[in-house]
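User: I would like to go through this model step by step, with the reasoning shown before each value or name.

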Amino acid sequence: MALAQPEPGGMPALQIDPRSDPRSGPLRGTLATTACMETLQVGYLHAVAAAAGCSLSQPFPDNGIDWHVSHGAPEHVVDDEVTIKVQLKATYQIPPRPAGPSFGFTLDNEHLVKLARSPVAVHKILVVMLVPRARDQWLSAGHDRLDLRHCCYWTNLAGHPVTGRRRTTVRIPTTRIFDDRALCEIMTRVGSGGTP
């Protein structure tokens with residue numbers, strides 16, 4: 001709790017420092033929620049790539065693909081290092097643990113065309129992160145863990161048709177949780193000459 005300095009000619013007003021008020025939580029920055037969601041999903045990708053033993057690079061300028069992820073292993077058949085392109089998206093409009101085998105996610109047609117192109121020299125995947133609406137629920141830390149909420153899911157949209165006038169809803173399988181094991185499996189398939 002902090003006290004304000006006396007106002008000229010008056011008594012000091014009792015004020016609560018918003019950073020220490022348990023009802024409002026810590027004082028957070030004013031960066032737009034969507035910008036913060038982008039940062040959160042990049043942190044998730046970095047954690048997954050680190051655990052999978054992958055390297056990351058960010059194309060500059062961004063041409064509709066957010067990240068290149070590379071995985072080196074002598075067991076790869078096509079090359080000793082393989083790369084995929086990753087497009088990240090995030091939403092708080094879909095609740096955690098979506099019911100059913102998939103959930104719908106809408107993309108601009110121009111973006112879908114880029115992700116759906118087939119055949120390609122470097123495969124692409126879409127990674128969609130579901131986050132809580134309130135930023136104070138995005139993560140929690142303890143002595144033995146850091147939890148990011150809620151989850152990322154991935155899909156390969158190669159060959160997916162455009163069906164809407166300006167935007168198309170694609171289905172994201174709920175069985176395809178994007179974690180280090182999933183990324184290693186994707187890279188193993190690509191390293192064998194297959195698709196993600």
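The questions and answers below go from the overall fold to single residues.

User: How many helices and strands are there in the protein chain, and in what order do the elements run?

Analyst: This is a predicted model, and its protein chain holds three helices and eleven strands. Read from the N terminus on, the order is β-β-α-β-β-β-β-α-β-β-β-β-β-α.

User: What is the mean pLDDT of the protein chain, and over which residues is the pLDDT below 50?

Analyst: Of the residues in the protein chain, 88% reach a pLDDT of 70 or more, and the mean is 90. One stretch, which has 21 contacts in the model beyond near neighbours in sequence, has a pLDDT below 50. Where pLDDT is low, the predicted coordinates should not be read in detail. The stretch in question is residues 1-20.

User: What share of the contacts with a separation of 6 or more comes from residues 24 or more positions apart?

Analyst: For context, the protein chain has 196 residues, of which 34% are buried, and it exposes about 12,200 Å², with carbon and sulfur atoms supplying 52% of that area. Among contacts in the protein chain with a separation of 6 or more, the share from residues 24 or more positions apart is 60%.

User: Which helix gives the most to the largest nonpolar core?

Analyst: In soluble globular proteins, nonpolar side chains tend to be buried together. Here the largest nonpolar core has 44 residues, and Ile84, Phe178 and Leu183 are those with the most contacts inside it. The helix that gives the most to this core, with eight residues, spans residues 33-52 and is helix α1.

User: Which residues does Ile84 touch, leaving out those up to four places away in sequence?

Analyst: Ile84 is one of the residues with the most contacts inside the largest nonpolar core. With residues up to four places away in sequence not counted, Ile84 touches Trp67, His68, Val69, Val122, His123, Ile125, Leu183, Ile186, Met187 and Val190.

User: Why does the aromatic pair of Phe103 and Tyr153 tie together parts of the chain that are apart in sequence, and how many residues apart are they?

Analyst: A search of the whole structure finds one aromatic pair, and in it Phe103 and Tyr153 meet edge-to-face, at 5.4 Å centre to centre with 75° between the planes. Both Phe103 and Tyr153 are buried. Because Phe103 lies in strand β6 (residues 102-108) and Tyr153 in strand β10 (residues 151-155), the pair ties together parts whose separation in sequence is 50 residues.

User: Is Asp79 buried or partly exposed, and what is its relative accessibility?

Analyst: Asp79 is found in the loop between β4 (67-72) and β5 (81-91). Asp79 and Gly193 are 114 residues apart in sequence, yet their C-alpha atoms are 9.3 Å apart in space. Asp79 counts as partly exposed because its relative accessibility is 43%.

User: Which residues are joined by a cis peptide bond in the loop that holds Pro119, and which in the loop that holds His150?

Analyst: Most residues other than glycine have a negative phi, and most peptide bonds are trans. Pro119 is found in the loop between α2 (109-116) and β7 (124-130), while His150 is in the loop between β9 (145-148) and β10. With omega about 0° in each case, the cis bonds join Ser118 and Pro119, and Arg149 and His150.

User: What is the phi of Arg97?

Analyst: Arg97 is found in the loop between β5 and β6, and it counts as exposed because its relative accessibility is 78%. Its phi is positive, in a residue other than glycine, with a value near 50°.

Definitions and conventions: Residues are numbered from 1 along each chain as its sequence is written. This is a predicted model: local features need pLDDT of at least 70, side-chain atom pairs count only at pLDDT 80 or more; totals for chains, interfaces and linings use all residues. Side-chain values use heavy atoms; hydrogens and water are left out. Helices (H or I, at least four residues) and strands (E, at least two) are DSSP runs, numbered from the N terminus. Buried means under 20% relative accessible area, exposed over 50%, partly exposed in between (1.4 Å probe, protein chains only). Contact means heavy atoms within 4.5 Å. Accessible areas come from the Shrake-Rupley method with a 1.4 Å probe; for residues, only the protein chains shown count as cover. pLDDT is the predictor's confidence in each residue, from 0 to 100. A nonpolar core is a set of buried Ala, Val, Leu, Ile, Met, Phe, Trp, Tyr and Cys residues joined through side-chain atoms within 4.5 Å. Rings of Phe, Tyr and Trp (its six-membered ring) pair if their centres lie within 6.5 Å; planes under 30 degrees apart count as stacked, over 60 as edge-to-face and the rest as tilted.
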